[in-house]
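Thanks for coming, everyone. Please bring up the sequence and the structure, and keep both open while I talk.

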Amino acid sequence: MQPTFSIVDVFAKEKYAGNQLAVFRGAGSLSDKEMQKIAKEMNYSETTFLLSDEPQGGGYDVRIFTPEEEIPFAGHPTLGTAFVIQQELIRQPVETIVLNLKVGPIPVTFQYQNDFPDMMWMKQNPPVFGKTFDREQIADLLQLASDEIDDRFPVQEVSTGLPAILVPLKNLHAVKRSRVDRTKYFELVNTTEAKAILVFSPETYEPDTHLNARVYVDCLGIPEDPATGSANGNLAGYLVKYRYFAEDRIDIRVEQGYEIGRPSLLHLQAAESQSEIEISVGGNVVMVARGEWA
């Protein structure tokens, strides 16, 4: 059987917003090389491959590819793939779907309105806080002045499965002006586990959001990502650890993708208890197209 696919927009309230995702079913017969070629052909930030329509070991086996390589975890592919499984395979309301990813099992929970998924949440792994970075170096890489970085908080590598370097900026103007110097970017990520850089500020475009963010991942073939669940999960842990909002828990909305014409909305919940930070990232998914691979 030839694989079939669905295209969905994730962290979007309507079509043609959020982050695009192609989800391939019947992919168990595809080789690694074929999956990589298909992901390159789709040229979205990620493409997922559902290896079987039947759950295995309590969850569905899924692999995630960028245009350049396979990755162990990503946020919008997790939500988008769970949505396709619910809509195309289960076809009735269920509370939870588990995806078996390279990083381990990730549960996705559903909230419904008139039996249709209204909001989906994925629980991410507890954050791991890695190395910190010199502000001058990161500002130079982003082509900003060093005093545009908020020195109350560190520039730091954080991971809930896919690491990112988090950069707190003072205002929306700095976020909008940020531009990656590719030479300096590749010099940096060749020495780090993190390949993504997330910049954020407390100033936003929309009055009902709490933070604005941009995410750059050039080395994975993604100059700028419209909506990044994994990096925002890292951000949720960071915000709690450093009490960015002066609380040991958060329930906030983050806007992303506005600068590239793909407005996105991510919901972040996190709380610290017994020295561990629990993180959930939520959003909406919209079906755009279905097709058959030739």
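Start at Thr109. Its partner across the strand pair is Trp121, which belongs to β8. One thing before we go on: this is a predicted model.

So where do those two residues sit? Strand β7 covers residues 104–113. It runs antiparallel to β8, and six bridges join the two. Now look at the turn. The hairpin of β7 and β8 has two residues between the strands. Asn114 takes a positive phi there, near 55°.

Stay on β8. Which other strand pairs with β8? Strand β17, residues 276–283. That pairing is antiparallel too, with five bridges. Find Gln124 and look straight across: you should land on Ile279 in β17.

Keep following the strands. β17 also pairs with β16, again in the antiparallel sense, over seven bridges. Here Ala271 stands opposite Glu278 of β17. This hairpin has two residues between its strands, and Gln274 has a positive phi near 50°. One more step takes us to β15, residues 249–256. It pairs with β16, residues 264–273, through eight antiparallel bridges. Within that pair, Ile250 has Ala270 as its bridge partner.

A general point for the newcomers. Side chains in a regular strand alternate between the two faces of the sheet.

Now zoom out to the domains. The domain assignment gives two. Domain 1 is made of 4–124 plus 284–292. Domain 2 is 128–281. Their C-alpha centres are 24 Å apart.

How many residues of each domain are in contact with the other? On the domain 1 side, 28; on the domain 2 side, 25. Interface size is often quoted as the accessible area lost when the parts come together. Here the two domains bury about 2100 Å² between them. Carbon and sulfur atoms account for 59% of that.

Which three residues supply more of the area that domain 1 buries than any other three? Phe11, Trp121 and Gln124, with 33% of the area buried against domain 2. You have met two of those names already: Trp121 stands opposite Thr109, and Gln124 stands opposite Ile279.

Next, the polar side of the interface. Between the domains there are 13 residue pairs in polar contact. Four elements each supply at least two residues to the side of domain 1 that touches domain 2. They are β1 (4–10), β2 (19–25), α2 (75–90) and β8 (116–124). The largest share, six residues, comes from β8. By type, that side of domain 1 divides into 15 nonpolar, eight polar and five charged residues.

What about salt bridges across the interface? The rule finds one. Now go to Arg262. It forms a salt bridge with Asp9, and the closest N and O atoms are 3.1 Å apart.

Over the model, the count comes to 14 salt bridges. Let me show you another. Arg177 and Glu148 meet through their side chains, at 2.7 Å from N to O. This pair links distant parts of the chain, 29 residues apart. Arg177 is in helix α4, residues 172–177. Glu148 is in the loop between α3 (135–141) and β10 (156–159).

To finish, go back to β8. This strand pairs with β7 and with β17. It also gives the largest share of the side of domain 1 that touches domain 2. That's my tour.

Definitions and conventions:
Residues are numbered from 1 along each chain as its sequence is written. This is a predicted model: local features need pLDDT of at least 70, side-chain atom pairs count only at pLDDT 80 or more; totals for chains, interfaces and linings use all residues. Side-chain values use heavy atoms; hydrogens and water are left out. Domain bounds come from an automatic or database domain assignment. Contact means heavy atoms within 4.5 Å. Buried area is the accessible area (1.4 Å probe) that two parts lose on being put together, summed over both. A salt bridge is a side-chain nitrogen of Lys or Arg within 4 Å of a carboxyl oxygen of Asp or Glu. A polar contact is a pair of N or O atoms within 3.5 Å; within protein, one must be able to donate a hydrogen and the other to accept it, and residues adjacent in sequence count only if both atoms are side-chain atoms. Ala, Val, Leu, Ile, Met, Phe, Trp, Tyr, Cys and Pro count as nonpolar, Asp, Glu, Lys and Arg as charged, and the others, Gly among them, as polar. Two strands pair if DSSP finds at least two bridges between them.
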